[in-house]
Amino acid sequence: EPAWLEGIAAAVPGARQIGFAQVHLPALALLAGVIAEAEITADEPERLEETALRLAGAVTSVLSDAKPGIETPSIRDQRRITRALRHIETHCEDALSIDELARHATMSPYHFLRTFRALVGMTPHQYVLRTRLHRAALLLRRTKLPVVGIAFECGFGDLSTFNRRFKRVMGASPSEYRGA
């Protein structure tokens, strides 16, 4: 939607408005990583929103000849991101969209995503996943709840996804982690 792109253009440093003077872009090294991520994300719908925002922001930067630069987030933006972090930590088991988190932080989705990554060092989705896995690890060690119950209580939609991600991050399956 034009309003969605205009919101991103307003948040891209150096971009004033979005105008598509070209119908396509050449294969640019600057966009290669984001495009590859978009192709990979097609199989991971929970990451699709973040990737779409990053891709739209990168394309907007290229089309507007904006100079990519690293902006230091303001104190106000740091407080906003801190609010979002607290919201994630208290509601990590819920489905949290970028739009919802950005509204909670009173920021545009693209500006929220850029600022969040700059301050936290990972995307909101990665932070939600890390928070869920941390909570699951605590429950595995402190309770006798079944692994499937912990997976669902921590916001994972199915046991196989939980097991795969837990093992990738923690280096052991949930059952092995509990027994260690």
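Okay, one definition before we start: when I say exposed, I mean over 50% relative accessible area, buried means under 20%, and partly exposed is whatever sits in between. Keep that in mind, and also keep in mind that this is a predicted model.

So, the overview. The chain has 10 helices and zero strands, and reading from the N terminus you just get α-α-α-α-α-α-α-α-α-α. There are 180 residues, and 36% of them count as buried. The accessible surface is about 10600 Å², with 56% of that belonging to carbon and sulfur atoms. If you take the contacts with a separation of 6 or more, 61% of them are between residues 24 or more positions apart.

Let's go to helix 4, residues 75-91. It has 17 residues, and from first C-alpha to last it reaches 24 Å, close to the 24 Å expected at 1.5 Å a residue. Which residues of helix 4 are buried? Asp 77, Arg 80, Ile 81, Ala 84, Leu 85, His 87 and Ile 88. If you look down the helix axis, these buried residues fall within an arc of 160°, so they line one face of helix 4. As a reminder of the geometry, an α-helix has 3.6 residues a turn, so residues three or four places apart point the same way.

Now flip to the face turned away from that buried side. There you find the exposed residues Ile 75, Arg 76, Arg 79, Arg 86 and Thr 90. And what covers the buried residues of helix 4? The cover includes helix 5 at 98-104, helix 6 at 109-120 and helix 7 at 124-142.

Okay, salt bridges. How many turn up in a search of the whole structure? Two. One of them is inside helix 4: Arg 80 pairs with Asp 77, with the closest N and O atoms 3.6 Å apart. Arg 80 and Asp 77 are three residues apart in helix 4, so about one helical turn separates them. Both Arg 80 and Asp 77 are buried, so here we have a salt bridge whose two partners each come in under 20% relative accessible area.

The other pair is Glu 93 with Arg 135, at 3.2 Å from N to O. Glu 93 lies in the loop between helix 4 and helix 5, while Arg 135 is in helix 7, so this pair ties together parts that are 42 residues apart in sequence. As for burial, Glu 93 is partly exposed at 30% relative accessible area, and Arg 135 is partly exposed too, at 28%.

Next, helix 3, residues 45-63. Its 19 residues should span 27 Å at 1.5 Å a residue, and the end C-alpha atoms are indeed 27 Å apart. The buried residues of helix 3 are Glu 50, Thr 51, Leu 53, Arg 54, Ala 56, Gly 57, Ala 58, Thr 60 and Val 62.

Hang on to Arg 54 from that list, because it is one of the residues that Arg 117 touches. Arg 117 is in helix 6 and counts as partly exposed, at 34% relative accessibility. Leaving out residues up to four places away in sequence, Arg 117 touches Arg 54, Met 122 and Thr 123. Arg 117 and Tyr 127 are 10 residues apart in sequence, and their C-alpha atoms are 9.8 Å apart.

Over to the surface. Val 148, Phe 152 and Leu 159 form a nonpolar patch there, with about 240 Å² of accessible area together. Leu 159 belongs to helix 9, residues 159-170, and with a relative accessible area of 32% it is partly exposed. Setting aside neighbours within four places in sequence, Leu 159 contacts Val 147, Val 148 and Ala 151. The C-alpha atoms of Leu 159 and Gly 149, 10 residues apart along the chain, are separated by 9.1 Å.

Last stop, a backbone detail for anyone who likes Ramachandran plots. Most residues other than glycine have a negative phi. Thr 106, though, has a positive phi, near 50°. Where is Thr 106? In the loop between helix 5 and helix 6, and it is partly exposed at 47% relative accessibility.

Terms used: Residues are numbered from 1 along each chain as its sequence is written. This is a predicted model: local features need pLDDT of at least 70, side-chain atom pairs count only at pLDDT 80 or more; totals for chains, interfaces and linings use all residues. Side-chain values use heavy atoms; hydrogens and water are left out. Helices (H or I, at least four residues) and strands (E, at least two) are DSSP runs, numbered from the N terminus. Buried means under 20% relative accessible area, exposed over 50%, partly exposed in between (1.4 Å probe, protein chains only). Contact means heavy atoms within 4.5 Å. Accessible areas come from the Shrake-Rupley method with a 1.4 Å probe; for residues, only the protein chains shown count as cover. The expected span of a helix is 1.5 Å times one less than its number of residues. The arc is that of the directions from the helix axis to the C-beta atoms. Patches are made of residues with over 30% relative accessible area and no salt bridge: like charges are joined within 9 Å, nonpolar side chains (Val, Leu, Ile, Met, Phe, Trp, Tyr) within 5 Å. A salt bridge is a side-chain nitrogen of Lys or Arg within 4 Å of a carboxyl oxygen of Asp or Glu.
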